[in-house]
Amino acid sequence: MTSGVRPIDVLLQRAGVRGHQRAPSDSKEFHEVTKRDALRLLENDVDRLLQTTEPARRPALQAEMGRFADLFGRFLQEEGPALDWNKIQKLPENAVMNYSNLKSPKNEQVCSSIRNMLDKLVVIKLNGGLGTSMGCHGPKSVIPVRSDLTFLDLTVQQIEHLNKTYDANVPLVLMNSFNTDEDTEKIVRKYKGFRVQIHTFNQSCFPRISREHFLPVAKDFDVEKDMEAWYPPGHGDFYDTFRNSGLLKKFIGEGREYCFLSNIDNLGATVDLNILNKLVGEERATTPVEFVMEVTDKTRADVKGGTLIQMENKLRLLEIAQVPPEHVDDFKSVKTFKFFNTNNIWANLSAIDRVLRERTLNMEIIVNNKTLENGLRVVQLETAVGAAMKCFDGAIGINVPRSRFLPVKKSSDLLLVMSNLYTLKNGSLVMSPQRMFPTTPLVKLGENHFSKVKEFLGRFANIPDIIELDHLTVSGDVTFGRGVSLRGTVIIIANHGDRIDIPAGAILENKIVSGNMRILDH
C-alpha cells in the first residue's frame with residue numbers, strides 16, 4: 001500500500017474516543033475490533049446511499065457496492081507495503097519469451113489459418129479516461145491524433161482491415177466508465193456500416209472515501225449531480241464487470257478463446273498474429289498459456305513502470321506502490337529489473353471465467369490519494385488488470401519491440417505520432433524506414449505553453465521534420481514556422497517575458513536556441 005494513508009491509524013483515533021476499552025489500544029484484538037467497526041460503518045453508509053436510488057436499480061447497484069465493500073475490507077487489512085522484498089525470486093529462464101523467437105503462422109492456406117485464429121479472438125480497449133489532462137472535453141479516445149482520425153477511428157480501422165483481409169469477424173469491445181459511456185455510445189453509431197461488431201460495457205462506479213472519517217463523501221446515488229464524489233476503480237475492475245455484462249459468457253459460447261486487452265491511447269497495441277499463433281495457432285503450447293503480459297525493455301524514462309517478478313513460484317506484476325521505501329532505488333534500476341509492463345494483456349476467456357467462479361482472483365490494492373476542487377482530501381481504491389497475472393496458470397511475459405508501446409499521454413507524445421516519424425497504414429502507425437534507429441526521440445515540451453492540445457497545435461504551422469531528431473527540449477513562449485527541421489539534440493528556451501519564433505524552413509541541428517535568439521553549437 002502506498003505511504004501517506006494508514007487506515008488503522010485513523011481508525012484507532014476514531015475508536016479511541018469511546019472511553020472504556022476492554023483491550024489495550026495497541027493489542028491485536030483492539031485492531032481487529034476497530035477494523036470490523038470501520039467496515040460496519042462503511043456498509044451502513046453504503047446502505048443509506050442505496051436507499052436514495054429507485055428500487056428497480058438497487059439489485060445491480062447492491063452487487064456493485066458489495067464489491068466496493070470487499071475492496072474496502074481488504075484495504076483495512078493491509079498495513080505498509082503489501083510485499084516482502086526478500087521473497088522475490090530470480091525470473092526463470094522461460095518466464096519471458098523474446099518476441100523474435102515467435103513464429104509467424106505458416107501453412108499452405110495461410111489466410112484460412114489466420115481467419116481461424118482471429119475467430120477465436122476478442123479485442124478489448126480500456127476506454128474509461130477523459131481528455132481533460134490534455135485540455136479536451138469528453139472521452140480521450142475521441143481526440144484527433146493523426147490525419148484528423150481519433151484513437152477510436154484508428155482502432156476501428158485496424159480491426160476492419162483484419163476482418164476484410166482474412167474474412168474474419170473479430171469483435172471490438174470498449175470498457176467505458178461513467179465519465180465516457182454516454183459520449184461513446186453516440187460516437188460508435190458512426191461505425192454502423194463498418195465491418196466491425198462493437199460492444200460496450202461499463203466498469204464500476206465506486207464512491208470516493210473521505211480521508212478524515214473513512215466514509216463515502218457522496219450524499220446520494222445521483223452520480224451526475226456530484227461526479228467528483230465517484231470514481232472508476234482502475235482497469236483491474238475489468239474482470240468482474242466484463243462477466244457481469246454477459247459478454248464473457250457470450251464470447252465463450254461463440255467458441256472464442258482469448259481476449260487482447262490494451263489502453264485505447266496506446267497506438268502501438270495492435271493485434272499481433274505472431275502472439276496469437278503462440279496462443280491458438282500452430283505454435284500453441286501443449287500446456288495452455290492462460291495469461292500473457294507484453295513487456296518491453298526498460299529505459300531511464302520508464303523507471304516507474306510496473307515490472308515482472310517471480311514470487312512464491314508465480315509470475316506477477318510488481319508496481320512501484322508496492323515497493324518498500326528502502327527498495328525504491330532497486331526497483332528503478334534498469335539492471336535489476338530489465339522490463340516494464342506495456343499493459344497489453346492476452347488472457348484466456350475460460351480461465352477468466354474459472355478464477356471468477358472459484359473466487360481466486362486477487363489483485364493488490366492501489367491507494368490513490370486525491371484532493372478535490374473543494375479542498376476535500378479523499379482516497380480512491382483501485383486495482384490494475386495486470387496484477388491478476390498470478391491468479392492464472394502458465395502465465396508468461398513476452399518481450400516485445402518498443403513499437404508496441406506508443407502511448408499518447410502528453411502533447412510531447414502527440415508531436416511524435418503526428419510527425420513524419422510515422423506513416424499511417426490501415427489504422428496502424430508504422431515507423432518511417434528513413435529513421436536510422438528504431439527508438440523514438442526524447443521530447444520534452446514545457447507544461448505552461450504546450451500541455452493543452454489546442455495550444456500545442458497553435459504553436460506549430462505544421463509539425464517539424466524529426467526523422468533525424470534524438471532529443472528535443474522546448475520551454476517558454478516558442479512557436480514553429482512551416483517546414484522546420486530538427487536534428488540531433490535541440491534545446492529551445494525562451495525566458496520569462498521573451499518569445500522565440502523559429503522561422504519557416506529553419507534547420508536546427510545540435511543547437512541551443514536561447515531567449516535572445518542566439519543560436520549556439522551544442
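Two bridges join β1 to β13, and the two strands run antiparallel. That pairing is one piece of a predicted model, and it makes a handy way into the rest of the chain. Below are two open sheets, a pocket, the positions UniProt flags as binding sites, and a couple of buried spots to look at on the way.

**The β1-β13-β14 sheet**

- This is an open sheet of three strands, ordered β1-β13-β14, with antiparallel pairing.
- β1 (88-89) and β14 (314-318) are the edge strands, each pairing on one side only.
- To see the β1 and β13 register, look at Q89, which stands opposite Q310 in β13.
- I309 sits in strand β13, which covers residues 307-311.
- With a relative accessible area of 2%, I309 is under the 20% cut-off, so it counts as buried.
- Leaving out residues up to four places away in sequence, I309 touches L83, I88, L91, K314, L315, R316, L318 and F337.
- I309 and K90 are 219 residues apart along the chain, yet their C-alpha atoms are separated by 7.4 Å.

**The β9-β17-β16 sheet and helix α3**

- Here's another open sheet of three strands, this one in the order β9-β17-β16 and again with antiparallel pairing.
- β9 (209-210) and β16 (366-371) each have a single partner strand, so one side of each has no neighbour in the sheet.
- β9 pairs with β17 (residues 377-382) over two bridges, in the antiparallel sense.
- Within that pairing, S210 stands opposite V378 in β17.
- Helix α3 (residues 58-77) packs on this sheet and touches β9, β16 and β17.
- The direction of α3 makes about 105 degrees with that of β17.

**The second largest pocket**

- α3 turns up again here: it gives the most to the lining of the second largest pocket, with four residues.
- α3, α7 and α11 (349-357) each supply at least two residues of that lining.
- The lining has 19 residues, and R67, D70, R74, D240 and L361 lie nearest the pocket's centre.
- The space in this pocket comes to about 520 Å³.

**Positions UniProt marks as binding sites**

- An unreviewed UniProt entry places the feature "binding site" at K140, Q203, G234, D265 and K409.
- K140 lies in the loop between β3 (121-127) and β4 (144-146).
- K140 has a relative accessible area of 11%, which makes it buried.
- Neighbours within four places in sequence aside, K140 is in contact with G129, L130, G131, M134, F151, D265, V408 and K409. Of those partners, D265 and K409 are also on the UniProt list.
- G234 is in the loop between β10 (230-231) and α7 (238-244).
- G234 is buried too, with a relative accessible area of 15%.
- On the same terms, the contacts of G234 are Q203, E382 and T383. Q203 is another of the positions the UniProt entry lists.
- The unreviewed UniProt entry also places "binding site" at H235.
- H235 is found in the loop between β10 and α7.
- Buried or partly exposed: which is H235? At 25% relative accessibility, H235 counts as partly exposed.
- H235 touches L126, M175, N263, N343, T383, A384 and V385, not counting residues up to four places away in sequence.

**Two more buried spots**

- E290 lies in the loop between α9 (273-280) and β12 (291-297).
- Although it is a loop residue, E290 counts as buried at 10% relative accessibility.
- Residues up to four places away in sequence aside, E290 touches Y258, W346, A347, N348, A351, R354, F392, D393 and G394.
- From C-alpha to C-alpha, E290 and E257 are 9.8 Å apart, with their positions 33 residues apart in sequence.
- Why is helix α12 (residues 411-418) largely enclosed by the rest of the structure? Seven of its eight residues are buried, so the helix has the rest of the structure around most of it.
- The buried residues of α12 are S411, S412, D413, L414, L415, L416 and V417.

Note on methods
Residues numbered from 1 in each chain as written. Predicted model: local features only at pLDDT ≥ 70, side-chain atom pairs only at ≥ 80, totals over all residues. Heavy atoms only, no water. UniProt positions renumbered as here; feature names shortened; annotations may be inferred. Buried < 20%, exposed > 50% of the residue type's maximum accessible area, 1.4 Å probe, protein only. Contact = heavy atoms within 4.5 Å. Pairing = 2+ DSSP bridges. Axes fitted to C-alpha atoms, helices over the stretch in contact; angles between N-to-C directions. 1 Å grid on protein atoms, 1.4 Å probe; cavity = no way out; pocket = protein on both sides within 12 Å on 5 of 7 lines; lining within 4 Å. Points joined across faces, edges and corners; volume = space filled by probe spheres on them.
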